Amino acid sequence: MAVGAVTTFLSALTPVMASSPSEASAAKDPLRQYTQQAPRWQRCDAKTPATFQCTTLEVPLDYSDPGGKKTDIAVSRLKASSAKERRGVLLLNPGGPGGPGLELPVGLGADFPGDVKRQYDLIGFDPRGVGQSSPVSCGLTADEQDLERPYRTETFAKEVKWARTVADKCQAAEGDRLRHLTTRNTARDMDVIRAVLGEKKISYLGYSYGTYLGAVYAQMFPRRTDRFLLDSAADPVRYGRGTFQAMAERAEPAFTRWTEWTARRHTTYALGRTPAEVRKTFRDLIAQADRKPIDHGGTLFTGDTIRAQRATFSRVQKAATWVAELKKAAEGRKPDPSGTPEQVPSPLRPASARDVPSDNEAASAWAVLCADTRTTWPSDPEQYRRDAIRDKARYPLSGDFESNIKPCAFWKPGSEPATSVNSEVSALILQNEWDPATPLAGGQAMHRALRGSRMITVAGGEGHGVYGTGSCADKSATAYLTTGRLPAEDLACRASAG
């Protein structure tokens, strides 16, 4: 139920003449007790700058029942360095879902240009259920938190049991709270933060899933958005199961590009003189590791765990170095341990938070994704079996990983449907051409959904995340944040060599 509908509903139940002034005020503005909080700012940590301050706010667990249960939201700020030039607040989100953002003003903000830091209070926050914000926990074991689950006929029943166990343990541990750990409610929490900070509008920088969160906020509160920078955008149409499957689809052309690049450098990497030879070398390594795991620097790689390093192939030089060292290990030679693969920057692999339950990263990620998108996940395990077999054939590198069964198959729906993103709100979208986690097609889909947006594509850009990396898009993005002017048209710039 929208906030306006809540106001009308509660007002109808409470005759004004029979109410005390405080009751009448609550009926007219049921969120007043939250938006009028006086934050108690204090130094976040002895190890962080004294100017980096933190506070905790209360928000309704269920916005359709503002007088009911409450939940905490941990918020941080680093004030603008120039009171004269200060424009407002810039909220930051690292992605996820489930990514903690409390430390972003000092971590991420260190790479921001001085012009941005002079104009904005940098605001971090842990979304509801994450990190310091009343963290959700399901009591998951380390194995239950492991997302990397390829399809095999002989292990599929075990994977179904895993998915059901995660869903059941979360329901048992957190109960009805799970229904309210949604992106829409996080967007409402952001609007409470805006009000508490005394701002009419907010500016925003979100990465990965954080682009979807920003787009949902803009859809729900279009008049309260200022300058929205969406970095490495998720496809709002395919959000849910399609988020995973899109990564498998894009991994294949990235792998093909890698074989072509590596073949031209056979004298350096000795993996094959043609793309076909490079591909055969890689497949032979997988087959050998299936027979006997390959020991690379103390890490045992099976064929499946080699395929699980799919994100590495979006960075051609890093992938070639790793595979060459893996080949050395397979041949009994001593590899260079520095040639390690890149961890998959998946939708469920945010940075870890401090002093929270050990399973909070996984539990909060599944909680949000599944509550948001339960309807995009089949309930029949056999559908996942069929899809995984099909997609392993279509996308050999990782199709079965992405289409295999997940806990969302057994999750209870969230308190309301996911948001359909379709607005005129202005925003700037940044996208690397070879992003392994939020593929280029997803950024283009976000661009179409936000009709007032512009998009900058870093041609040849590798990896996940653009702004603050020194890419060719930084200058235009900073200009947007500091002047509010979007580029006159969509832009493409070339990534620097190396």
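What follows is a look at the sheet and at one serine in a predicted model.

Start with the sheet. Ten strands line up in an open arrangement, and the pairing among them is mixed. Reading across, the order is S1-S2-S3-S5-S4-S6-S7-S10-S11-S12. Strand S1 (42-43) and strand S12 (491-494) sit at the edges; each has a single partner strand, so one side of each goes without a neighbour in the sheet. Helix H10, spanning residues 241-263, packs on the sheet, where it touches strand S10 (423-434) and strand S11 (450-462). The direction of H10 makes about 35° with that of S10.

Elsewhere in the sheet, strand S3 (residues 70-78) and strand S5 (residues 120-125) run antiparallel and are joined by 4 bridges. Ser-76, for its part, has Gly-124 in S5 as its bridge partner.

Now for the serine. Ser-364 belongs to helix H15, which covers residues 360-373. With a relative accessibility of 1%, Ser-364 falls under the 20% cut-off, and therefore counts as buried. What does Ser-364 contact, once its neighbours within four places in sequence are left aside? The list is Gly-98, Gly-129, Val-130 and Val-136. Cys-138 is 226 residues away from Ser-364 along the chain, yet the C-alpha atoms of the two are separated by 9.1 Å. On the polar side, the side chain of Ser-364 has a polar atom 2.6 Å from the backbone oxygen of Asn-360.

Notes:
Residues are numbered from 1 along each chain as its sequence is written. This is a predicted model: local features need pLDDT of at least 70, side-chain atom pairs count only at pLDDT 80 or more; totals for chains, interfaces and linings use all residues. Side-chain values use heavy atoms; hydrogens and water are left out. Two strands pair if DSSP finds at least two bridges between them. Helices (H or I, at least four residues) and strands (E, at least two) are DSSP runs, numbered from the N terminus. Contact means heavy atoms within 4.5 Å. Axes are lines fitted to C-alpha atoms, for helices over the stretch in contact, and angles run from 0 to 180 degrees between N-to-C directions. Buried means under 20% relative accessible area, exposed over 50%, partly exposed in between (1.4 Å probe, protein chains only). A polar contact is a pair of N or O atoms within 3.5 Å; within protein, one must be able to donate a hydrogen and the other to accept it, and residues adjacent in sequence count only if both atoms are side-chain atoms.
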